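Please open the model in your viewer and keep the side chains ready to display, since the stops below move from one selection to the next.

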Amino acid sequence: MQSLHRKAETRQLGDRSGLALVATLIVLAVMGVVITGAVRSALTALRTSGLDYQEARAFYAAEAGGETALSQLKLALQDGVLKDDELASIQPPIMDGFSFDSFSVAKVGAALVEDITDGPYTGLYSLTQKVDIYSLAEDANGTVAGVVLRAKAQAIPIFQFGVFYEEDLEATNGPPLEFLGRVHSNGNIYLSSRNAWYREPITTPNKVFHDRKDNHTVYNGVFINDAMGVEAPLDFDSRSIPGPEAFKTRSCQQFSCRLMTDAFDVDSLELPLPPGVPAYELILPREGDDGDAEKSVKFAWNADMYVTVDFTNMKDWNASCSWWKDVGGNVEIPTITAVRSGGRPVPNETQLCRMFQWQWAAFYDGREDELKDIVQIRIDEIAAWVAGDPSRQMEIIYVEIEAPANLSGFNVPTRNQILDGVVDPAVRVDNGAQLPNRMTIATAWPMYVRGDYNSVLKQPAAVAGDGITILSRFWVDTQNRPGTEFADCENTTPCIDYMNWANAWDYFNAGETTVNAAILAGHWPTPCDHEVAGCTPGYGDFYGGGIENFPRFIERWRGATNADFITFHYKGALVSPFTSKKTTGTWNGSYYRPPQRDWSFDTDFRDPEKLPPGTPNVGNVVRTAMREAF
């Protein structure tokens with residue numbers, strides 16, 4: 001019995017051992033499955049992570065390609081026009097490990113005139129061309145990603161701005177100034193006045209300073225309208241609130257965000273010239289090495305009346321071609337010729353002589369300290385010749401003058417006419433109260449506008465030159481030139497007799513005058529900011545004159561008393577893309593007394609059909625959308 005019992009126990013132990021072994025094997029199998037799953041999951045996650053990383057890199061590379069194209073698009077738009085060959089020349093970036101075999105920039109539809117509805121230039125209009133940028137990036141492993149960027153290339157006519165400066169803009173007026181119109185500068189803006197009101201937005205990609213540039217003088221009389229038309233005082237600036245977010249908050253609270261600086265990411269508005277070509281090129285004469293881009297924007301190439309003053313081909317003086325002549329014969333004047341584009345009629349020699357008159361030593365400019373030798377453009381004579389004939393209309397007149405280096409080529413009677421012994425050319429527009437048609441007049445020399453201009457039946461009009469000076473309707477040449485010849489001026493430099501006369505010259509009283517025309521010209525800037533180390537502050541000749549002296553004056557704009565201001569009525573657009581090169585007399589306030597400035601932007605320029613002929617465009621590119629390309 002005991003033997004049988006021991007055998008039963010042995011079988012039970014054996015059965016339990018077998019079960020344990022089976023259980024162990026099952027547990028090991030399950031653990032193997034779990035571990036295998038975990039390994040597989042880890043490997044899958046690793047592979048997925050690597051794939052996500054590669055795809056992300058490819059996507060960012062594709063996006064970088066689109067941004068590179070946008071920057072090139074901005075350069076292509078500098079002349080205000082997007083040409084097909086310019087779009088075709090846009091290239092993708094060079095990036096290690098990536099190729100851009102599928103890359104293109106293409107226009108979408110036709111260019112349209114449209115209102116700008118967002119950003120700092122809201123309220124203006126542009127000739128807008130929509131553009132699609134397709135950028136596909138592929139890495140060495142074959143990972144591909146792509147994006148499509150939609151952009152608007154906006155060509156904005158520059159005369160839509162009430163004030164536009166390429167360089168620093170200063171506004172420190174004395175007599176009151178109320179200005180309706182957009183104000184923009186690609187440089188800094190300095191505002192300090194006891195009585196200035198700006199009714200529309202002010203923008204710059206740089207800084208705004210509530211201070212003068214030439215010395216520290218803060219006047220608390222600058223006001224900017226908010227969106228509701230309520231004027232609010234300027235009492236902060238980019239120095240007092242340097243942080244961009246804080247500046248934005250204050251501007252939006254005080255002016256409804258209508259004072260915009262780099263804190264708002266305002267872009268520079270590129271001038272309509274190719275990269276590396278200075279803005280002064282806009283007013284230069286036709287040149288043999290001008291490329292297509294220069295030809296498309298220069299006033300000289302767009303002119304339908306190109307006038308040349310030729311000192312190498314002199315002719316005898318006559319009363320039609322030059323109205324002033326001292327006693328003595330054999331005086332000579334330069335020959336003035338004209339060519340017209342498109343087969344338009346050309347005035348004969350006699351007609352041209354009456355329209356474009358030459359005068360030696362016509363008048364003295366107290367700011368420039370020069371006796372100006374001028375081409376006088378008689379608008380009344382042009383109107384008489386045009387006489388309503390569309391084929392005779394002169395929409396863009398350009399005057400080229402190549403001044404002689406000295407007087408050696410002139411005979412003695414002619415040298416006697418040049419009272420200061422130096423040829424100082426300029427262009428003067430006269431008798432222009434009523435224009436025969438829309439008209440732009442341009443030259444690379446100083447320009448003067450005498451009397452009312454475009455004040456009757458106003459037409460789209462502009463004047464462009466190295467510097468623009470306004471002569472009132474009371475201006476008289478004989479009051480502002482010597483009455484006799486100076487014998488020592490023919491061969492002596494400096495001419496003492498002339499210097500004595502100039503030192504005794506004094507300005508005469510001006511008369512109320514109206515000018516309706518856009519002005520594009522150079523200005524004379526304050527050389528440096530008094531807050532910058534090394535800048536020597538001052539007043540007088542140190543101050544550039546500011547926007548209040550951008551149209552220059554050389555008369556006494558006062559009535560019976562010094563407090564009785566004479567008004568200069570101006571409606572147009574004030575555009576300064578460069579520093580003057582020939583009109584270089586510094587502002588010092590001694591050669592004039594300023595007028596009451598009744599100045600305003602010409603709201604007609606907000607209609608594309610009413611812009612002056614040859615209006616340049618400034619380019620702006622805005623990214624409007626982005627999506628992944630599959």
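Begin by selecting Asp 529, which counts as buried because its relative accessibility is 7%. Keep in mind throughout that this is a predicted model.

With Asp 529 on screen, add Arg 239: the side chains of these two residues meet in a salt bridge, with 2.8 Å from N to O. The pair links distant parts of the chain, since Arg 239 sits in the loop between E13 and H3 while Asp 529 belongs to the loop between strand E26 (518–521) and strand E27 (552–553), 290 residues apart. Whereas Asp 529 is buried at 7% relative accessibility, Arg 239 counts as partly exposed, at 33%.

Stay with the loop between strand E13 (231–233) and helix H3 (244–255), and select Phe 236 in that loop together with Phe 255 in helix H3. Their ring centres are 5.9 Å apart and their planes stand at 20°, so the pair is stacked, planes under 30 degrees apart being counted in that way. Because one partner lies in the loop and the other in the helix, the pair ties together parts that are 19 residues apart in sequence. Both Phe 236 and Phe 255 are buried.

Next, move to strand E13 itself and select Glu 231, then add Arg 199, which lies in the loop between strand E9 (193–198) and strand E10 (202–203). Here the side chains of Glu 231 and Arg 199 meet in a salt bridge of 2.8 Å, N to O. Given where the two residues lie, the pair ties together parts that are 32 residues apart in sequence. Glu 231 counts as partly exposed, with a relative accessibility of 37%.

For another bridge, select Asp 604 and Lys 458, whose closest N and O atoms are 2.7 Å apart. Asp 604 is in the loop between strand E30 (596–601) and strand E31 (617–629), and Lys 458 is in the loop between strand E22 (447–450) and strand E23 (461–465), so this salt bridge ties together parts that are 146 residues apart in sequence. Asp 604 is partly exposed, with a relative accessible area of 28%, and Lys 458 likewise counts as partly exposed, at 30%.

Which residues are joined into one network by salt bridges that share partners? Select Glu 281, Glu 287, Asp 290 and Lys 298 to display that network. Then centre the view on Glu 281, which lies in the loop between strand E14 (259–260) and helix H4 (292–297) and is buried, with a relative accessible area of 11%. Leaving aside neighbours within four places in sequence, Glu 281 is in contact with Leu 273, Glu 287, Asp 290, Glu 294 and Lys 298. Add Ala 444 to the selection as well: Glu 281 and Ala 444 are 163 residues apart in sequence, yet their C-alpha atoms are 9.0 Å apart in space.

Turn now to the rings, and select Phe 553, Trp 557, Phe 568, Tyr 570 and Trp 599, which ring pairs link into a cluster. Two further selections place a charged side chain over a ring: Arg 212 lies over the face of Tyr 543, at 4.5 Å from the ring centre, and Lys 581 lies over the face of Tyr 280, also at 4.5 Å from the ring centre.

To set these stops in context, the structure holds 27 salt bridges and 31 aromatic pairs, so that the examples visited here, including the bridge between Arg 239 and Asp 529, can be viewed as part of a longer list.

Technical notes: Residues are numbered from 1 along each chain as its sequence is written. This is a predicted model: local features need pLDDT of at least 70, side-chain atom pairs count only at pLDDT 80 or more; totals for chains, interfaces and linings use all residues. Side-chain values use heavy atoms; hydrogens and water are left out. Rings of Phe, Tyr and Trp (its six-membered ring) pair if their centres lie within 6.5 Å; planes under 30 degrees apart count as stacked, over 60 as edge-to-face and the rest as tilted. Helices (H or I, at least four residues) and strands (E, at least two) are DSSP runs, numbered from the N terminus. Buried means under 20% relative accessible area, exposed over 50%, partly exposed in between (1.4 Å probe, protein chains only). A charge sits over a ring if NZ of Lys or CZ of Arg is within 6 Å of the ring centre and within 35 degrees of the ring normal. A salt bridge is a side-chain nitrogen of Lys or Arg within 4 Å of a carboxyl oxygen of Asp or Glu. Contact means heavy atoms within 4.5 Å.
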